[in-house]
Every structure is written in structure tokens, then in C-alpha cells.
Amino acid sequence: MTFGPETFILGDCIEQLAKLPSKSVDLVFADPPYNLQLGGDLHRPDNSKVDACDDAWDQFASFEAYDRFTIAWMTEAKRVLKDDGALWVIGSYHNIFRVGTVLQNLGFWILNDVIWRKTNPMPNFKGTRFTNAHETLIWASKSQGAKRYTFNYDAMKMANDELQMRSDWSLPLCTGDERVKDADGNKGHPTQKPEALLHRVLLSSTKPGDVVLDPFFGVGTTGAAAKRLGRHFIGIEREETYFNLARERISKVIPVTAAELDVMGSKRSEPRVPFGRIVEAGLLRVGDKLFCAKGEHAARVRADGSLAIGDVSGSIHKLGALVQSAPACNGWTYWHFKTDRGLTPIDVLRAKVRAEMN
């Protein structure tokens with residue numbers, strides 16, 4: 001089954017998930033019901049009522065009923081995921097621990113838990129608890145052995161001012177013009193997520209053209225972010241009011257060009273080049289000398305792509321670590337060869353071979 005860029009499905013998520021083909025989507029982002037267990041209306045200090053999430057879709061008869069629901073939708077989500085796909089699920093303290101238990105019991109492998117710290121959280125009006133200022137996201141691969149899930153590490157680093165992206169994300173709640181309104185000007189959905197959150201999720205763990213499935217589509221934040229980023233999406237929503245608001249919202253989103261979707265590439269995704277390939281290509285010759293950047297250590301290139309210093313030999317990485325008395329070494333950046341302009345890292349030779357391979 002081939003999905004178009006935009007697939008809207010009105011209906012119960014478990015029933016509709018069962019109709020999708022196995023191993024057909026690249027990523028699942030799920031924002032399931034919180035099962036808030038509200039004990040009555042919530043009021044502000046001025047006695048005005050808080051518009052909390054008290055809809056029927058968020059109410060379950062018991063924890064056991066919620067667990068059965070979670071097992072059902074998550075089992076189907078795992079079935080439709082490709083083997084190198086991944087799952088994101090978000091929740092509050094009301095449900096995320098139960099969801100995480102089910103996730104692990106079904107064989108998913110947790111890669112990270114991410115804290116979304118809300119920069120503008122709703123106060124605790126009763127003053128009986130800490131202000132609930134965060135939600136938790138779990139990012140998991142389909143199984144423990146799934147090694148090829150997508151992670152755009154360098155793009156995330158670039159988005160964070162060239163610092164490694166951390167697992168605590170400070171982003172504001174959805175407010176103002178971003179909040180989807182109904183015909184009467186009221187907020188369309190009580191728990192609409194900010195598009196900035198979905199932008200980061202999709203940018204980090206999908207590629208352009210990937211299929212993203214949201215089984216709890218709501219008013220379409222996942223779809224809007226996916227469309228802006230050149231990803232395809234499948235949105236399942238059982239509430240017709242939300243469904244119609246999502247379609248209207250996403251129809252107004254203008255996608256960007258393919259060139260604008262380019263992100264910083266990761267060397268992890270580039271073709272592997274053994275050092276022996278450099279010797280075979282004649283870019284270095286047997287017997288050539290390699291040096292560290294300061295010229296303090298020198299090694300000779302051998303025919304099999306190993307290096308030797310006296311009677312000691314090994315790979316470019318092993319020998320680099322040995323001369324530094326270090327536990328590990330990236331030999332591509334440690335060892336240099338002589339040029340007319342001085343010492344140059346052998347990594348430039350690897351880049352040349354990669355360019356020819358591409």
C-alpha cells in the first residue's frame with residue numbers, strides 16, 4: 001500500500017490501525033488520552049472555571065481498562081512500523097508510567113525519555129501540589145536489535161547552536177494564534193501540542209518522504225509539522241469535530257522546497273571506507289609515513305592497511321590510541337600525511353573516496 005503525502009482517517013484508532021498494512025510506516029507519534037481521573041471542576045482563585053480536559057474520550061473505567069486500551073493500540077502500532085522505524089509517545093504523570101510499562105512489555109526498546117519543560121505552565125490553583133510544568137516523551141525503537149533507526153544527530157546539534165541536543169526541551173505551551181479555534185472562537189482541542197515540539201521530534205527522527213503515523217490526530221499538529229517538513233502523514237481521529245478542524249488547518253500549510261529541507265548530514269550515514277581502501281586507490285603508498293598533528297609520532301603504511309611503528313602494528317585507530325596511551329582514537333583525524341602545504345588529516349582522503357562512491 002502506498003500512502004500519499006496526506007492521509008486523513010476518521011474512526012476509532014484501534015479499528016483503523018488494524019486496516020493498515022504491516023511494516024508500512026517509518027514513525028509513530030502518539031499522544032494518547034491522559035486518563036486524568038479528574039475529581040470535579042477546577043477553579044481559579046477568582047472562581048472562574050478552568051477549561052480542563054474532561055471530555056469523554058479521556059475517561060476510562062479503571063487503570064485496567066486503560067492498560068487494555070494501551071496494549072491494543074500499541075500492538076497495532078508496532079505491527080505497522082517498519083523494522084527500522086520508531087515510536088514516540090507523550091504523556092503526563094497520569095499515564096506515562098503505565099504507557100512505558102506496556103511499551104517495554106511489547107518489546108520496544110527505549111532510546112531516550114525526553115522532558116518537555118513548559119516555559120509557561122498552568123499554575124496549580126489549589127496550592128496543594130507543585131506546579132505541573134512538564135510532560136514526558138518516550139522515544140523507542142521497534143526492538144532491542146533495531147540498530148538502523150533514524151537519528152539526525154548533526155541536525156539536532158546545529159539546531160542547538162552546535163551543542164549536543166539534550167533530553168530536556170524548554171518549549172512554551174500552545175497559545176495565541178497557534179491555538180486552533182472552533183466556529184465560536186473557543187479552543188478547538190484541550191490538549192493541543194505546540195508545533196515546535198513536533199518539529200523537533202520529526203526533524204530528529206525522520207527523513208523527507210518518510211511516513212509518519214499519528215493514531216490520536218486531534219487537530220492535526222503532527223500533520224501540520226509533517227507537511228512543513230516534507231514528510232508524509234497518516235492521521236487517525238475518531239472525533240469528527242477535531243477531524244474537520246485538522247483538515248482545515250493543514251489545508252493552509254504551505255510546504256517548503258526540497259532544497260530548504262536539507263539538514264546537516266551525519267558521518268554515521270555515509271558509506272564506510274576502510275583505510276585499506278585508501279592504499280588500494282593509490283592515495284597513499286605502502287611505506288609512506290603518517291604523522292600526528294604535532295609531528296611527535298610517525299608510523300609507516302603497510303600493504304594491508306595497517307600501520308607500524310617499529311615492531312608494533314595495528315589499525316589507524318588502535319595505533320593512534322596506543323601512542324597516546326588513550327582508550328580510543330579516531331585515526332582518521334589523528335594521523336596526517338605530508339603535502340606541499342604541510343600536514344593534512346587522512347580524513348580528506350576518505351572524503352575523496354566517498355565522493356567517488358557517491
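Colleague: What share of the residues score a pLDDT of at least 70?
Modeller: This is a predicted model, where local features need pLDDT of at least 70, side-chain atom pairs count only at pLDDT 80 or more, and totals for chains, interfaces and linings use all residues. Residues are numbered from 1 along each chain as its sequence is written, and side-chain values use heavy atoms, with hydrogens and water left out. pLDDT is the predictor's confidence in each residue, from 0 to 100. The protein averages 90, and the share scoring at least 70 is 91%.

Colleague: Where does pLDDT stay under 50?
Modeller: Low pLDDT is a cue not to read the predicted coordinates in detail. The stretch you want has 17 contacts beyond four places in sequence in the model, a contact being heavy atoms within 4.5 Å. It covers residues 38-45.

Colleague: Which strands stand at the edges of the open sheet?
Modeller: Helices (H or I, at least four residues) and strands (E, at least two) are DSSP runs, numbered from the N terminus, and two strands pair if DSSP finds at least two bridges between them. The open sheet has 8 strands in the order E1-E8-E7-E2-E3-E5-E4-E6, with mixed pairing. Each edge strand has a single partner strand, so one side of each is left without a neighbour in the sheet: these are E1 (6-10) and E6 (168-171).

Colleague: How many degrees does the twist average from one strand to the next, and what angle does H7 make with E1?
Modeller: Angles run from 0 to 180 degrees between N-to-C directions, and axes are lines fitted to C-alpha atoms, for helices over the stretch in contact. The twist averages 20 degrees from strand to strand. Helix H7 (residues 240-251) packs on the sheet and touches E1 and strand E8 (232-237), with its direction set against that of E1 at about 165 degrees.

Colleague: Which residue stands opposite Ile 90 in E5?
Modeller: Strands E3 (residues 81-91) and E5 (residues 134-141) pair in the antiparallel sense over 6 bridges. Opposite Ile 90, E5 has Leu 137.

Colleague: And in E14, which residue is the bridge partner of Lys 338?
Modeller: Strands E13 (residues 336-339) and E14 (residues 342-345) are antiparallel, with 4 bridges, and a hairpin of 2 residues joins them. The partner of Lys 338 is Leu 343.

Colleague: Are H2 and H3 roughly parallel or oblique to each other?
Modeller: Under 35 degrees counts as roughly parallel, over 145 as roughly antiparallel, 65 to 115 as roughly perpendicular and the rest as oblique. The axes of H2 (residues 63-80) and H3 (residues 96-105) come within 10 Å and cross at roughly 45 degrees. That is why the pair is oblique.

Colleague: Which residues of H3 make that contact with H2?
Modeller: H2 passes H3 in a right-handed crossing; a crossing is right-handed if the near helix is turned clockwise from the far one by less than a right angle, and left-handed if anticlockwise. H2 brings Phe 63, Tyr 66, Asp 67, Thr 70, Ile 71 and Met 74, and H3 answers with Arg 98, Val 99, Val 102 and Leu 103.

Colleague: Are H6 and H7 roughly parallel or oblique?
Modeller: Helix H6 (residues 221-228) and H7 have axes 9 Å apart, at an angle of about 20 degrees. That makes them roughly parallel.

Colleague: How far apart are the axes of H5 and H6?
Modeller: H5 passes H6 in a right-handed crossing. Helix H5 (residues 195-205) packs on H6 at about 55 degrees, with the axes apart by 9 Å.
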